[in-house]
Amino acid sequence: MFSKLRRIGCLPWIALLFALAAGWWFSQTPSHDRVWADDVARLLEARVDGNTVHLNNVRNFTWRTEDDYTASWESREYPLDQLQSADLILSYWMGPHIAHTLVSFGFADGRYLTFSLEIRKESHEQFSAWKGFFRQYEQVLVAAEESDIVRTRSNARGEDAYIYRVQLDKPALQHLFLAYVAKAQELEQQPEFYNTLTSNCTTVIYELAKVIAPLPMDYRLLASGHVAEYVQEQNGLTPNVSYEALQQAGYINERALQADQTGEDFSSAIRKGVPGIQ
């Protein structure tokens, strides 16, 4: 009986702790007004005018090392009727099960534009997956040149990076590209928190892809290192090629490093021999 009374006596304290935790949680509000790290200092600004998408603050940094770089933010125009391809890029930074996911769109004139949902670090912050659960980081949608956002991972950081051609027809490509544009516009209007579990670089791809067609939920949307396998099972990668062959041919690091030495165009170099890419 005394044990039962002690348990009952604890209930108000437990309720108080929950109330304090909830109060702290909802007191955290996202903001655009902080001292941001250089690589996420600017928000992508997007406007659609008929067939043309106008983008401001496209990132085009030159990375010598992870900490040594030349910053450059540029304005670009992209004609939707010239959109030709989409590639899924995975960069492994914490073992075989966790990868950062990016989507790169190709145009008829040879240009590529890569979208990446990332934490928006403040200038003094380092990323922590654990802190990412607790409203400690805002999110930012970066649009960048591949020679910036892919190269910094493969060459400057030494992450293992892979590229896969995604099978989409032109209407689906345009829908997906415009979904990214809409996401950028939403974040420009209203800041949002990044969440390691529910709002990260892979889950946003799933949400955007649902604009095109319904997709089943799957554990590999959380174990992001396996998301290419998931896409293949949805018939989204090059057909009649095994996943093992796609992965082997899609490994870009050697080609990316060689492009630095030869001066070859980075986007062309990393696609050499990749199934589904002419």
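Which residue of β9 does T114 stand opposite? I looked this up at the start, and T114 stands opposite A144 in β9. I note for everything below that I am reading a predicted model.

**Entry 1: the chain as a whole**

I counted the elements before going into detail, and the protein chain has nine helices and ten strands. I then checked burial, and found that buried residues make up 47% of the 278 residues in the protein chain. I also asked how far apart in sequence the contacting residues are: among contacts between residues at least 6 apart in sequence, 67% join residues at least 24 apart.

**Entry 2: strand β8 and its partners**

I went back to the strand that holds the opening pair and followed it on both sides. On one side, β8 pairs with strand β9, residues 138-144, in the antiparallel sense over seven bridges. On the other, strand β7, residues 99-107, is also antiparallel to β8 and is joined to it by four bridges, with F105 standing opposite L113 in β8. The hairpin of β7 and β8 has four residues between the strands, and there I found G110 with a positive phi near 95°.

Is β8 buried or exposed? I checked each position of β8, residues 112-120, and nine of the nine residues are buried, so the strand is largely enclosed by the rest of the structure.

**Entry 3: F105 and the nonpolar cores**

I stayed with F105 and listed its contacts, leaving aside its neighbours within four places in sequence. The list comprises L83, S85, A86, R111, Y112, L113, F115, L173, L176, F177 and Y180. Three of these names, F115, F177 and Y180, came up again when I turned to the largest nonpolar core, which has 44 residues, and where they and F105 touch the most other members. Helix α4, residues 170-189, gives the most to this core, with eight residues. I also noted a second, separate core of 18 residues, which includes V40, L102, V142 and F266.

**Entry 4: the largest cavity**

I searched for enclosed space and found that the structure holds one cavity of 30 Å³ or more. About 50 Å³ of space lies in this largest cavity. I wrote down its lining as D39, V40, R42, L43, L44, N57, R59, W73, V140, L141, V142 and A143, which divide into eight nonpolar, one polar and three charged. Both β2 and β9 supply at least two residues of the lining, and the largest share, four residues, comes from β9.

**Entry 5: two asparagines with positive phi**

One of the lining residues, N57, made me look at backbone angles, since N57 has a positive phi of about 70° although it is not a glycine. N57 lies in strand β2, residues 52-59, and with a relative accessible area of 13% it counts as buried. I then looked at N240, another residue other than glycine with a positive phi, here near 65°. N240 sits in the loop between α6 and α7, and at a relative accessible area of 83% it is exposed.

**Entry 6: the second largest pocket**

I read the volume of the second largest pocket as about 440 Å³. It is lined by 23 residues, and V166, L168, A209, L215 and V231 lie nearest its centre. The elements giving two or more residues to this lining are β6 (83-92), β7, α5 (203-209) and α6 (227-233). By class, I recorded 16 nonpolar, six polar and one charged residues in the lining.

In the loop between α5 and α6 I picked out K210, which counts as partly exposed at 36% relative accessibility. K210 and A179 are 31 residues apart in sequence, yet their C-alpha atoms are 9.7 Å apart in space.

**Entry 7: helix α8**

Which residues of helix α8 are buried? For this helix, residues 253-262, I found N253, R255, A256 and A259. These buried residues pack against α3 (151-156), β10 (160-166), α7 (243-250) and α9 (266-270). Just after α8 I noted G263, which takes a positive phi of about 80°.

Note on methods:
Residues numbered from 1 in each chain as written. Predicted model: local features only at pLDDT ≥ 70, side-chain atom pairs only at ≥ 80, totals over all residues. Heavy atoms only, no water. Buried < 20%, exposed > 50% of the residue type's maximum accessible area, 1.4 Å probe, protein only. Pairing = 2+ DSSP bridges. Core = buried A, V, L, I, M, F, W, Y, C linked by side-chain atoms within 4.5 Å. Contact = heavy atoms within 4.5 Å. 1 Å grid on protein atoms, 1.4 Å probe; cavity = no way out; pocket = protein on both sides within 12 Å on 5 of 7 lines; lining within 4 Å. Points joined across faces, edges and corners; volume = space filled by probe spheres on them. Nonpolar A, V, L, I, M, F, W, Y, C, P; charged D, E, K, R; others polar.
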